[in-house]
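Please take a walk through this chain. The route goes from the overall make-up to the cores, the rings and the sheets.

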Amino acid sequence: MSRSSFAARRRRPAAVASAAAAVAVALLPASVAAVPAAGAAVHAAPAAAPSKARISTAFVLPGDRVYPEGIAADPRHGDLYAGSFQDGAVYRMRPGHRVAEVFLPAGADGRSTANGLKVDRAGRLWVTSSASGVAVYDTRTRRLLARFDVPGPGTDARFVNDLAITPDGTAYLTDSFRSVVYRVTPGDLARARGGRGTLSVAFDLDDVLDPHKPGDFTLNGIVADPTGRFLLAADAHGGDLYRLDLATGGSGRTVLQGADMLHADGLELQHGRLWTVHNVDDRIVRWRVAPDGRTARREASLTDASLQLPTTLARLRGTLYVVRSQFDKGGPLGDGTPELPFTIAAVRGL
């Protein structure tokens, strides 16, 4: 499919009738060219030096309709987990094994999609499902520990997307349609005791973000400051990065130097560096973030078609593991046939 016809598809109206249609809307750009959104806090900076990054295939995901979306790393063992947006299956990838194994089967526990994934310090795997909420599993036994549902009637628009976990064990989750960030505390998890709970709203940014219509896909990737002071969340529609203060509940734009967050999807923050994937642009950008999270300067970027519409990434032992979603090849973003097998890329040197 040509770039122009693909762009035309991405400018469709934002009416959503299914989870697949939701992702199509999710990747709508503000314009075809990746230009700063009106009012975005973007300052000029010198062009980044050409990237010397190397891209290879790290893992193969079994199945011909996987369309992966999320990924999480477990640094205790070096394991990685990836989720399928197509059917909610979760795969585990282990060092020394090129082909992933099915960790949670498709449709397990009523989950129809698997978007954001995260492994916490206690070895629990958190898996978001766009239409319902988040489920928490024991990575050793695969046992379901708890589920937390989006508040309100199930018919209300919602798209639970990505999540971050702070040092105190609290999980924060973005809702891309409602423009809110939910919260699950360790106390909430303990009270659920294998049952169900309800997500609570920690931040409501609907009136803070750049002007947008109902159904516009806004908040996407989110990361936590390792000191537990703030979160950073990307507005893929407006092109901004927002700093969410965990002590005061306040929010404000991070001043971006050299680029913006248009089409930003998954984020990864380690040692003062932030990596962002920009899905329909086949791009990864590396930023230097100030210790207080109020400014971020672009350091390097990589654009390569072999990333195959990347949606999320995780950094483990110096390597970036990037999800190749192929959403535009017979998936939620387009017609055609995916390139099999579905894979996870390894990016080194960025």
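What percentage of the 350 residues of the chain count as buried? The share is 56%. Keep in mind that this is a predicted model. Its secondary structure comes to three helices and 26 strands. The accessible surface of the chain is about 13700 Å². Carbon and sulfur atoms account for 51% of that surface. Now take the contacts between residues at least 6 apart in sequence: 54% of them join residues at least 24 apart.

Start with the interior. In soluble globular proteins, nonpolar side chains tend to be buried together. Here the largest nonpolar core has 28 residues. Which of its members touch the most other members? They are F59, L61, I71, L80, M93, Y321 and I344. Several strands feed this core with at least two residues each: β2, β3 (68-74), β4 (79-84), β5 (90-93), β24 (310-316), β25 and β26 (342-348). A second core, separate from this one, has 18 residues. Among them are V134, L163, A171 and V184.

Back in the largest core, look at I71. Setting aside residues up to four places away in sequence, I71 touches L80, Y81, A82, M93, L117, T312, L313, A314, Y321, V323 and I344.

Y321 makes a good second stop. Y321 sits in strand β25. Is Y321 buried or exposed? Its relative accessibility is 13%, so Y321 counts as buried, the cut-off being under 20%. Apart from neighbours within four places in sequence, Y321 contacts A58, F59, I71, L80, T312, L313, A314, L316, I344, A345 and A346. One of these, A346, is 25 residues from Y321 along the chain, yet their C-alpha atoms are separated by 4.8 Å.

Next come the rings. The whole structure holds eight aromatic pairs. One of them joins F59 and Y321. Their ring centres are 6.0 Å apart and their planes stand at 40 degrees, so the pair is tilted. This pair links distant parts of the chain: F59 belongs to strand β2 (residues 54-61) and Y321 to strand β25 (residues 319-324), 262 residues apart. Both partners are buried.

F177 and F217 form another aromatic pair. Their ring centres also lie 6.0 Å apart, but the planes meet at 90 degrees, and the pair is edge-to-face. Why does this pair tie together separate parts of the sequence? F177 lies in the loop between β12 (171-175) and β13 (180-184), and F217 in the loop between β15 (200-204) and β16 (219-224), so the parts joined are 40 residues apart in sequence. F177 is buried, with a relative accessible area of 13%. F217 counts as buried at 5% relative accessibility. F177 and F217 also belong to one aromatic cluster with F85, F159 and F327.

Now the sheets. An open sheet of four strands runs in the order β11-β12-β13-β15, with antiparallel pairing. β11 (160-165) and β15 stand at its edges. Each has a single partner strand, so one side of each is left without a neighbour in the sheet. The twist averages 30 degrees from one strand to the next. Within this sheet, β13 pairs with β15 over four bridges. V180 stands opposite D204 there.

Another open sheet has five strands, ordered β7-β8-β9-β10-β14, and its pairing is mixed. Which strands stand at the edges of this sheet? They are β7 (117-119) and β14 (196-198), each with one side lacking a neighbour in the sheet because each has a single partner strand. The twist averages 20 degrees from strand to strand. β7 and β8 (residues 124-129) pair in the antiparallel sense over three bridges. V119 stands opposite L125 in β8.

Finish at β18 and β19. Strand β18 (residues 240-245) runs antiparallel to strand β19 (residues 251-257), and four bridges join them. R243 has G252 in β19 as its bridge partner. These strands form a hairpin with five residues between them, and G249 takes a positive phi near 80 degrees. β19 also pairs with strand β23 (residues 295-303), this time in the parallel sense and over three bridges. In that pairing, Q257 stands opposite R297.

Conventions. Residues numbered from 1 in each chain as written. Predicted model: local features only at pLDDT ≥ 70, side-chain atom pairs only at ≥ 80, totals over all residues. Heavy atoms only, no water. Buried < 20%, exposed > 50% of the residue type's maximum accessible area, 1.4 Å probe, protein only. Contact = heavy atoms within 4.5 Å. Areas by Shrake-Rupley, 256 points an atom, 1.4 Å probe, with all protein chains shown as cover. Phe/Tyr/Trp six-rings, centres within 6.5 Å; stacked < 30°, edge-to-face > 60°. Pairing = 2+ DSSP bridges. Axes fitted to C-alpha atoms, helices over the stretch in contact; angles between N-to-C directions. Core = buried A, V, L, I, M, F, W, Y, C linked by side-chain atoms within 4.5 Å.
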